[in-house]
Amino acid sequence: MAVPELAYLNGRFLPISEAAVPIDDRGLLFGDSLYEVIRVYAGKFFRLDAHLARLEQGARAIELPIAVEELRAVLLELARRSGLGDAFVYLQVTRGVAPRNHVIPPDLEPTVLATVRPLVPLPAEQYEQGARAILRPDIRWGRRDIKATTLLPNILRKTEAARLGCYDVLHYEPDGTITEGSTCNIFGVFNGVLRTHPTGPRILAGITRGAVLDCARELGIPVEERPFTREEVPAAEELFFTDTYCEVLGIVEVDGQPIGQGRPGPLTRRLHAAFRRLVAREARAD
Ligand code: PDD
């Protein structure tokens with residue numbers, strides 16, 4: 001029989017409640033670790049190659065040795081064993097276990113852990129009504145392209161947003177440039193042109209972001225990977241978040257001010273529908 005919630009830890013598949021790491025794990029002590037959140041739709045991973053490529057890039061940047069093909073095999077086996085159709089897979093690779101010392105010890109064996117859990121999607125009404133957001137200064141580090149588990153600024157912002165009934169924040173730099181949310185990328189529509197921050201060290205190169213750009217190009221929607229500023233936000237015809245969890249979620253209000261018509265806009269809806277078609281198409285092609 002399938003076991004829906006399941007963990008993997010350093011070579012073993014086991015119930016999540018039984019998986020534990022030593023207290024000297026550098027992931028726990030320093031957040032010296034990387035992660036990925038990957039979606040499984042109808043039993044198939046969405047863009048697993050892209051997630052693993054992003055992890056590999058981050059690992060190279062922090063000199064963390066990882067074996068991508070082994071990780072891929074682990075994830076496929078974890079999803080298979082769970083028997084889940086729609087699921088979330090969480091993968092984390094830490095530097096490994098050693099007595100606490102900031103200097104990275106040589107030749108550590110990384111800790112590899114993963115979990116699979118059933119997906120609880122956002123309610124359909126959330127997509128109908130759209131989401132609210134707040135503007136906040138971006139207080140994170142300068143290598144946001146590395147998907148590290150050191151997420152204190154992100155969890156504080158996300159919690160602040162949630163307490164105010166918002167999905168997330170719009171982070172801005174000291175010069176007003178909008179970067180991304182605390183768990184998602186941000187797109188805007190200005191004069192019919194879809195705009196989003198270019199990839200680079202200031203944002204995470206979201207897998208959903210990339211897929212939405214593919215959809216926009218396919219639909220012939222003009223796209224510019226050029227940031228917009230907080231001053232431009234009130235003039236946005238549409239705004240939306242993208243991430244593995246929400247896919248494409250319209251933003252209808254920022255700091256209490258309506259965006260566009262105060263409802264998810266037409267391009268947002270078209271792109272979300274196109275994204276779901278892309279997911280189905282890629283799953284068939286697998
Ligand atoms: N967050 N930006 C940040 C800071 C993120 O943490 C994420 C993902 C994204 C979107 O990336 P993707 O489209 O690959 O999910 C952008 C995941 C879901 C998380 O931390 O749970």
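Rings of Phe, Tyr and Trp (its six-membered ring) pair if their centres lie within 6.5 Å; planes under 30 degrees apart count as stacked, over 60 as edge-to-face and the rest as tilted. By this rule there are eight aromatic pairs.

The model is predicted, so local features need pLDDT of at least 70 and side-chain atom pairs count only at pLDDT 80 or more, while totals for chains, interfaces and linings use all residues. Residues are numbered from 1 along each chain as its sequence is written, and side-chain values use heavy atoms, with hydrogens and water left out.

**Exercise 1. Classify the ring pair of F190 and F228, and place both residues in the chain.**

Solution.
- Step 1: the ring centres of F190 and F228 are 4.9 Å apart and the planes stand at 50°, so the pair is tilted.
- Step 2: the pair links distant parts of the chain, with F190 in strand β9 and F228 in the loop between β11 and β12 (238-243), 38 residues apart. Strands (E, at least two residues) and helices (H or I, at least four) are DSSP runs, numbered from the N terminus.
- Step 3: F190 and F228 are both buried. Buried means under 20% relative accessible area, exposed over 50%, and partly exposed in between (1.4 Å probe, protein chains only).
- Step 4: one aromatic cluster is formed by Y41, F46 and F275.

**Exercise 2. Describe the surroundings of strand β10: its side chains, its partner strands and the bridge partners of R195.**

Solution.
- Step 1: from β10 (residues 193-196), V193 and R195 point one way and L194 and T196 the other way; all are buried.
- Step 2: β9 (residues 185-190) pairs with β10 in the antiparallel sense over four bridges, where strands pair if DSSP finds at least two bridges between them. G188 stands opposite R195.
- Step 3: the hairpin of β9 and β10 has two residues between the strands, and N191 takes a positive phi near 50° there.
- Step 4: β10 also pairs with β11 (residues 223-224), in the parallel sense and over two bridges. In β11, E224 is the bridge partner of R195.
- Step 5: with helix α6 (residues 207-219), β10 and β11 make a right-handed β-α-β unit. Right-handed means that, with the strands pointing away from the viewer, the path from the first strand over the helix to the second runs clockwise.

**Exercise 3. Give the strand order of the six-stranded open sheet, and state which strands stand at the edges.**

Solution.
- Step 1: the order is β2-β1-β6-β5-β3-β4, with antiparallel pairing.
- Step 2: β2 (12-14) and β4 (44-45) stand at the edges; each has a single partner strand, so one side of each lacks a neighbour in the sheet.
- Step 3: β1 (residues 6-9) and β2 run antiparallel and are joined by three bridges. Y8 has F13 in β2 as its bridge partner.
- Step 4: N10, in the loop between β1 and β2, is not a glycine but has a positive phi of about 40°. N10 counts as partly exposed at 46% relative accessibility.
- Step 5: A42, in the loop between β3 (33-41) and β4, is not a glycine either and has a positive phi of about 45°. A42 is exposed, with a relative accessible area of 66%.

**Exercise 4. Examine the salt bridge of E160 and R157, and then the surface patch that includes I155.**

Solution.
- Step 1: side chains of opposite charge can pair when their charged atoms come close. A salt bridge is counted when a side-chain nitrogen of Lys or Arg lies within 4 Å of a carboxyl oxygen of Asp or Glu, and the count comes to 28.
- Step 2: in the bridge of E160 with R157, the closest N and O atoms are 3.5 Å apart.
- Step 3: E160 and R157 are three residues apart in helix α5, so about one helical turn separates them. E160 counts as partly exposed at 27% relative accessibility, whereas R157 counts as buried at 12%.
- Step 4: salt bridges that share partners join D138, R140, R144, E173, E180 and R202 into one network. Within the bridge of R140 and D138, the closest N and O atoms are 2.8 Å apart, and both residues are buried.
- Step 5: I155 also lies in helix α5 (residues 152-163) and counts as partly exposed at 46% relative accessibility. L152, I155 and L156 form a nonpolar surface patch with about 310 Å² of accessible area together. Patches are made of residues with over 30% relative accessible area and no salt bridge; like charges are joined within 9 Å, nonpolar side chains (Val, Leu, Ile, Met, Phe, Trp, Tyr) within 5 Å. Accessible areas come from the Shrake-Rupley method with a 1.4 Å probe, and for residues only the protein chains shown count as cover.
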